[in-house]
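Biologist: I should like a close look at a single part of this model. Please describe it in one connected account, residue by residue where that is possible.

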Amino acid sequence: MELEGKVIQDLGLQSGTSKAGNPWKKKEIIIETFGTYPRKVKLTLFGDRSETIACEIGQSYSFSVDVESREYMGRWYTDVSAYASRPLDAQMPGAAPGYAPQPAYAPAAQAAPVAPAAPAAPAATPADPFGSNESDDLPF
């Protein structure tokens with residue numbers, strides 16, 4: 001899954017040792033997504049990714065993320081873990097302040113109303129094989 005946004009806060013690097021005695025580290029950042037209704041999302045960069053994934057405050061990136069929920073003591077927790085990032089080019093609309101992409105469900109642009117067509121000229125009638133009188137105006 002891809003998330004595009006601007007890094008607005010760095011919550012710093014945390015580290016520790018697991019119950020098994022293995023060292024761990026993680027970095028958490030807050031991004032603000034683009035669009036009509038921007039959302040703030042906390043991303044977790046775990047392990048070596050905490051140092052290798054680019055994330056400067058004020059810069060816009062596209063993050064590749066995994067979303068996972070887990071249950072602990074009857075409560076559910078959701079993690080959004082980033083595993084890759086790429087800077088958004090300054091030429092891309094996603095990097096522009098106030099960028100608001102069109103949602104995928106937006107209706108197509110309506111076409112201008114079309115003026116009614118002029119009435120068609122009567123079609124030429126083929127020659128009557130029965131030799132009827134052409135001067136009468138009967139419809140049959």
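**The part around the second strand**

Modeller: Leu13 stands opposite Lys27, a residue of β2. This is a predicted model, in which local features need pLDDT of at least 70 and side-chain atom pairs count only at pLDDT 80 or more, while totals for chains, interfaces and linings use all residues. Residues are numbered from 1 along each chain as its sequence is written, and side-chain values use heavy atoms, without hydrogens or water.

Strand β1 covers residues 2-17 and strand β2 residues 23-33; strands are DSSP runs of E, at least two residues long, numbered from the N terminus. These two strands pair in the antiparallel sense over 10 bridges, pairing being counted when DSSP finds at least two bridges. Their hairpin has 5 residues between the strands, and Gly21 takes a positive phi near 90° there.

Strand β2 also pairs with β3 (residues 40-46), again in the antiparallel sense, over 7 bridges. Within this pairing, Ile31 has Val41 of β3 as its bridge partner. The hairpin of β2 and β3 has 6 residues between its strands, and Gly35 in the turn has a positive phi of about 130°.

Ile31 appears again in the largest nonpolar core, where it is among the residues with the most contacts, together with Leu3, Val7, Ile29, Leu43, Phe63 and Val65. This core has 14 residues; such a core is a set of buried Ala, Val, Leu, Ile, Met, Phe, Trp, Tyr and Cys residues joined through side-chain atoms within 4.5 Å, buried meaning under 20% relative accessible area (1.4 Å probe, protein chains only). The elements giving two or more residues to it are β1, β2, β3, β4 and β5 (75-87).

Terms used: Helices (H or I, at least four residues) and strands (E, at least two) are DSSP runs, numbered from the N terminus. Buried means under 20% relative accessible area, exposed over 50%, partly exposed in between (1.4 Å probe, protein chains only).
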